[in-house]
Amino acid sequence: MSATSTALRQLPADLNRDALPKHVAVIMDGNGRWAQKRKLPRIMGHHRGADTLHDLVLCCKDWGIESLTVYAFSTENWRRPEKEVNFLMLLIEQMLRREMRFMEEEEVRLRVVGNVAALPKALRKEVEESMERTAHFKSLNFNVATNYGGRQEIVQACQAIATQVQAGQLAPGEITEQHFEQVLYTAGATDPDLLIRTSGEMRVSNFLLWQLAYSEFYVTDTLWPDFDREEFHKALVAYQDRDRRYGKVTGSAI
Ligand code: IPE
Ligand code: IPE
Ligand code: MG
């Protein structure tokens with residue numbers, strides 16, 4: 001590791017530890033464009049993107065972020081060419097296997113959120129094993145949204161609640177936001193404070209529709225494979241300048 005990167009492992013001086021987001025969510029977009037710019041196949045962008053993610057996980061741990069949730073594969077991404085879909089499934093599977101030692105060393109708790117049951121069998125097995133082996137770790141909650149869609153998550157939550165109602169465990173009028181949160185894929189997690197989207201697109205693409213209700217959005221033109229610690233630093237500086245009002249008014253203005 002170079003001298004610069006050693007320095008970067010410390011929290012930058014202009015960031016206030018107490019004002020950091022506890023939970024950061026990321027739409028890792030722009031892998032294809034990164035590759036196209038270099039006349040490389042799109043999958044090379046995904047490959048590079050996986051390295052970027054490894055660095056971000058370590059950075060979050062170094063800088064004291066409690067939770068990181070990344071969008072790896074959406075329910076809409078099945079519409080891509082079969083070759084690309086197969087590559088992505090294999091890449092996620094390989095990453096989980098390859099990064100296991102790293103997660104154990106860094107005490108990272110991994111959770112895959114999404115419709116895991118519909119993933120290829122080999123990937124499902126890797127998901128189950130990784131989640132089991134890291135379940136007791138506390139240094140960073142690392143959630144990987146895979147075959148995840150916000151609308152699908154809400155529909156399956158409704159189904160889970162309807163089943164409770166049908167079994168007589170709950171009356172319809174007793175359903176609260178808390179009940180609902182308990183049956184989302186993200187049950188037990190706090191809502192993201194900050195959502196980062198790389199590569200400039202100003203949309204949410206079906207990510208964490210319920211959980212992003214009051215998150216701060218940060219969009220950068222930087223493509224995901226180029227999103228390094230410096231870029232993350234910029235996003236955190238921008239976040240610290242935000243005034244999170246939650247519908248209230250600040251100051252004493254009438
Ligand atoms: C994000 O990069 C990775 C996934 C959606 C899996 P893209 O593959 O969407 O890259 P662009 O948007 O085409 O550049
Ligand atoms: C969102 O990116 C999904 C992931 C990053 C996994 P997309 O590239 O699929 O989003 P759209 O199609 O541009 O909205
Ligand atoms: Mg994209």
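## Getting to know the chain and its two ligands

Student: What radius of gyration does the chain have, and what would a compact globule have?

Tutor: Welcome! This is a predicted model. For 254 residues, a compact globule would have a radius of gyration near 18 Å. The value for the chain agrees with that, at 19 Å.

Student: What does the C-alpha trace span along its principal axes?

Tutor: Let's start with what the chain is built from: 9 helices and 6 strands. Along the principal axes, the C-alpha trace of this chain spans about 60 × 60 × 35 Å.

Student: What percentage of the residues count as buried?

Tutor: A residue counts as buried when its relative accessible area is under 20%. Applied to the 254 residues of the chain, that gives a buried share of 46%.

Student: Is Ile43 buried, partly exposed or exposed?

Tutor: You will find Ile43 in helix α3, which covers residues 42-63. Its relative accessible area is 31%. Buried means under 20% and exposed means over 50%, so with 31% Ile43 is partly exposed.

Student: Which residues make a nonpolar surface patch with Ile43?

Tutor: Residues in a patch need over 30% relative accessible area, and Ile43 has 31%. The patch has an area of about 210 Å². The partners of Ile43 in it are Leu40 and Met44.

Student: How much of the accessible area of ligand 1 does the protein bury?

Tutor: The residues around ligand 1 include Met28, Asp29, Arg42, His46 and Leu88. Polar backbone atoms of two residues lie by oxygen atoms of the ligand: Gly30 at 3.3 Å and Asn31 at 3.1 Å. From the side chain of Arg33, an N or O atom is 2.7 Å from an oxygen atom of ligand 1. Alone, ligand 1 exposes 380 Å², and the share of this that the protein buries is 87%.

Student: And ligand 2: how much of its accessible area does the protein cover?

Tutor: Among the residues surrounding ligand 2 are Ile27, Tyr71, Phe73, Arg197 and Ser205. Polar side-chain atoms lie 2.9 Å from a ligand oxygen for Asn77, 3.2 Å for Arg80 and 2.8 Å for Arg203. On its own, ligand 2 has 390 Å² of accessible area, and the protein covers 78%.

Student: Where does Arg80 lie relative to ligand 1 and ligand 2?

Tutor: Arg80 is listed among the residues around ligand 1. Arg80 also helps to surround ligand 2, with a polar side-chain atom 3.2 Å from an oxygen atom there. Arg80 therefore lies within 4 Å of both ligand 1 and ligand 2.

Key
Residues are numbered from 1 along each chain as its sequence is written. Chains are lettered from A and ligands numbered from 1 in the order in which they are written. This is a predicted model: local features need pLDDT of at least 70, side-chain atom pairs count only at pLDDT 80 or more; totals for chains, interfaces and linings use all residues. Side-chain values use heavy atoms; hydrogens and water are left out. Patches are made of residues with over 30% relative accessible area and no salt bridge: like charges are joined within 9 Å, nonpolar side chains (Val, Leu, Ile, Met, Phe, Trp, Tyr) within 5 Å. Accessible areas come from the Shrake-Rupley method with a 1.4 Å probe; for residues, only the protein chains shown count as cover. A salt bridge is a side-chain nitrogen of Lys or Arg within 4 Å of a carboxyl oxygen of Asp or Glu. Helices (H or I, at least four residues) and strands (E, at least two) are DSSP runs, numbered from the N terminus. Buried means under 20% relative accessible area, exposed over 50%, partly exposed in between (1.4 Å probe, protein chains only). A polar contact is a pair of N or O atoms within 3.5 Å; within protein, one must be able to donate a hydrogen and the other to accept it, and residues adjacent in sequence count only if both atoms are side-chain atoms. The radius of gyration is taken over C-alpha atoms; the globule rule is 2.2 Å times the number of residues to the power 0.38.
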